[in-house]
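Reader: I am new to this structure and would like to go through its charged side chains. Please show it first.

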Amino acid sequence: MQTQQASSPQVEAQWIRQIAKRDRGAFEQLYRAYERKLYRYLLGIVRSPELAEELTGDVMIEVWKNASRYRGHAKPSTWIFGIAHNKGIDVLRRRQPQVTELHAVAGAPDPRPGPEAAAIDESERREVAAALDALSAEHRGVLDLAFNNGCSQAEIAQIVGCPINTVKSRMFYAKQQLRQVLERRGFRREIS
Amino acid sequence: MNHAKIAELLPWYVNGTLAPAQAEAVEKEIETCELCASDLETLKALQKTMLDVEAHAPGPSQFLLNRTLANVEEIERMRETQKAGSQWWSGLSTGAKAAVLVTSLALFLIAGGTLVRFTSAPSGQRALPPPQLIPVEALKVPAPADRASGGVAAPRSVMEADQVTREKSTTSAVNKPPFERPQIIRTGSMSLLVPDVEKTIARLQEIAQAQFGDVLALDDTTPSQPGERHIATLRLSVPQDRFTQTMDTIAKLGGVQTRSVAAEDVTNQIVDSQARLKNLRHTEEDLLRIMDRQGKVADLLDVQNQISSTRDEIEQLDAQLKSMQHRVAYSALSISLEDEIPAALVGPGAGTQLGEAWQTALRDSKELALRIGAGVLRVVAFAPYWAVPIALFWWLVAWLRRRPAY
């Protein structure tokens, strides 16, 4: 599998313009740049690898079909993640998922080894991944967009379709809940 | 800017997306506020860990790109088809377009007049009711919330639902199974000359079972006349990945007379069938949703009929798909066996001949005894016919002897 390619917004915008002219090569480059990011982001929302993969393909198909509508007012990543967010949320609404209550997870007995194991990198990674999974789709999404995809407040607000203040509050609660979940799971090595 | 405001900005200071003025304010605050500095370190560590988690997390299937590209090609193919359909109009000159429009208008008016004449009721008679149209409202598909920014409009009516269904069929490549290799139906046939057909049949059954397959059919023709050969035909089914191995094993059982292998690539057929199946299931779901809505009885009956025909199509297609997938998974082998030595060359021994003679004699003796018994019974059965004349004759002879001579 080819690795994800690093690309600048300008290059990506150029790819989208080429895609609007039915350039398959540009589409493939854009696909490779976003495939993993989109999959991981969508996985955080829908929590199903199969569904996340299907939606990743759907998002890229939407990009192909609507490339001519991209005016360049937003960064390509904002536009593409916006499509992904809408698709993911639509699926969640149709599926009526059983959202895991954060306090329920935090209150559950810890089946994992004690804090000593937290010193191991792999274990630490697993703990954080599990704690992220315990977050709601909205909170996970904000953290993901900010830290994994480098989106600004305004961009996140545009992607998820809410005011900037909501983005800030979601970030605040996401951090707080993540910390609580990690502490509850016996993750003594603080992320601070 | 107070502490709370600065704390809100910290995550975006960490990811480097703050405006210069905001970043400067954050830096000033960090120098003086230990809490903010501690939060900043926490967030930096969190970002680092999250990036590390992401780097080690699994990505999508490696086949997704190919599926998406195939999907794109399908969309383009459909687009080209639609474009070709509209080109005839754009290819016309302005005068020709005007002529077509005028002709169409005239035809419309003529047809309209005809309709008016047919539907106008004579005086004194009640006019026919207008044709019942299915109200669009009654057939609306419940639409998920519109998310215009994503460029994906939710279906609003039956026509739009149909359009969406068609789009689903074009995007169905996303749901195609990740085929690691082409889906091929393999078939093979082999004819063998073997020393003993019966033993070879038993051996073939063992081979089929050892390869996790089975014998589907057996046609065994034993020779009835001297000079004929023992012939048998078997149909085996073996997993495709053991097809070649099985053929090679069978070839060692005797002298190979003919051997052939055929392959048919059905990848596209399977993918198309899966896409059509998914599309039909979506259509069925949409129709079921429509059924849940209130409407006129006639409309609901119409929808009910559509559901019924859709279900028929789904079941038919599902069966075809399963059959095709089974034929891909299991290869069919047709094996013909023939004795190397004809039955004529192996004559019966002396013991066999004596035994056969004894059996024939017994059979004949029984037959004779039966015939004699049958004859006796026949004589007894006809006694009334022959006993009376004999008795009369006896009485006549006796009377003649007793009569005095003159």
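Reader: In helix α7 of chain B, how far apart along the helix are B:Glu206 and B:Arg203?
Author: This is a predicted model, and the answer is read from it. Both residues lie in helix α7 (residues 197-210) of chain B. Because they are three residues apart there, the separation is about one helical turn.

Reader: What is the distance between the closest N and O atoms of B:Glu206 and B:Arg203?
Author: The limit for a salt bridge is a side-chain nitrogen of Lys or Arg within 4 Å of a carboxyl oxygen of Asp or Glu. B:Glu206 and B:Arg203 form such a bridge, and their closest N and O atoms are 3.2 Å apart.

Reader: Why does B:Glu206 count as partly exposed?
Author: Partly exposed is the class between buried, under 20% relative accessible area, and exposed, over 50%. B:Arg203 is in this class at 36%. B:Glu206 is partly exposed because its relative accessibility is 47%.

Reader: Which residue forms a salt bridge with B:Arg77?
Author: The partner lies in helix α4 (residues 64-90) of chain B, as B:Arg77 does, and the two are three residues apart, about one turn of the helix. B:Arg77 is partly exposed, with a relative accessible area of 48%, and the partner is partly exposed at 27%. The closest N and O atoms of the pair are 2.8 Å apart, and the partner is B:Glu74.

Reader: Are B:Glu54 and A:Arg40 buried or exposed?
Author: Their side chains meet in a salt bridge, 3.1 Å from N to O. B:Glu54 lies in helix α3 (residues 34-56) of chain B and A:Arg40 in helix α2 (residues 24-46) of chain A, so this pair joins two chains. Both B:Glu54 and A:Arg40 are buried.

Reader: Which residues are linked with A:Arg22 in a network of salt bridges?
Author: The network holds A:Arg22 of chain A and two residues of chain B. Those linked with A:Arg22 are B:Glu76 and B:Arg79.

Reader: How many salt bridges are there over all chains?
Author: The bridge between B:Glu54 and A:Arg40 is one of them, and that between B:Arg77 and B:Glu74 is another. Over all chains, the count comes to 18.

Reader: Which residues form a negative surface patch with B:Asp220?
Author: A patch takes residues with over 30% relative accessible area and no salt bridge. B:Asp220, in strand β2 (residues 214-221) of chain B, is partly exposed at 34%. The others in the patch are B:Asp196, B:Glu198 and B:Asp219.

Note on methods:
Residues are numbered from 1 along each chain as its sequence is written. Chains are lettered from A and ligands numbered from 1 in the order in which they are written. This is a predicted model: local features need pLDDT of at least 70, side-chain atom pairs count only at pLDDT 80 or more; totals for chains, interfaces and linings use all residues. Side-chain values use heavy atoms; hydrogens and water are left out. Patches are made of residues with over 30% relative accessible area and no salt bridge: like charges are joined within 9 Å, nonpolar side chains (Val, Leu, Ile, Met, Phe, Trp, Tyr) within 5 Å. Accessible areas come from the Shrake-Rupley method with a 1.4 Å probe; for residues, only the protein chains shown count as cover. Lys and Arg count as positive and Asp and Glu as negative; His and the chain ends are not counted. The place of a charge is taken as NZ of Lys, CZ of Arg, CG of Asp or CD of Glu. Helices (H or I, at least four residues) and strands (E, at least two) are DSSP runs, numbered from the N terminus. Buried means under 20% relative accessible area, exposed over 50%, partly exposed in between (1.4 Å probe, protein chains only).
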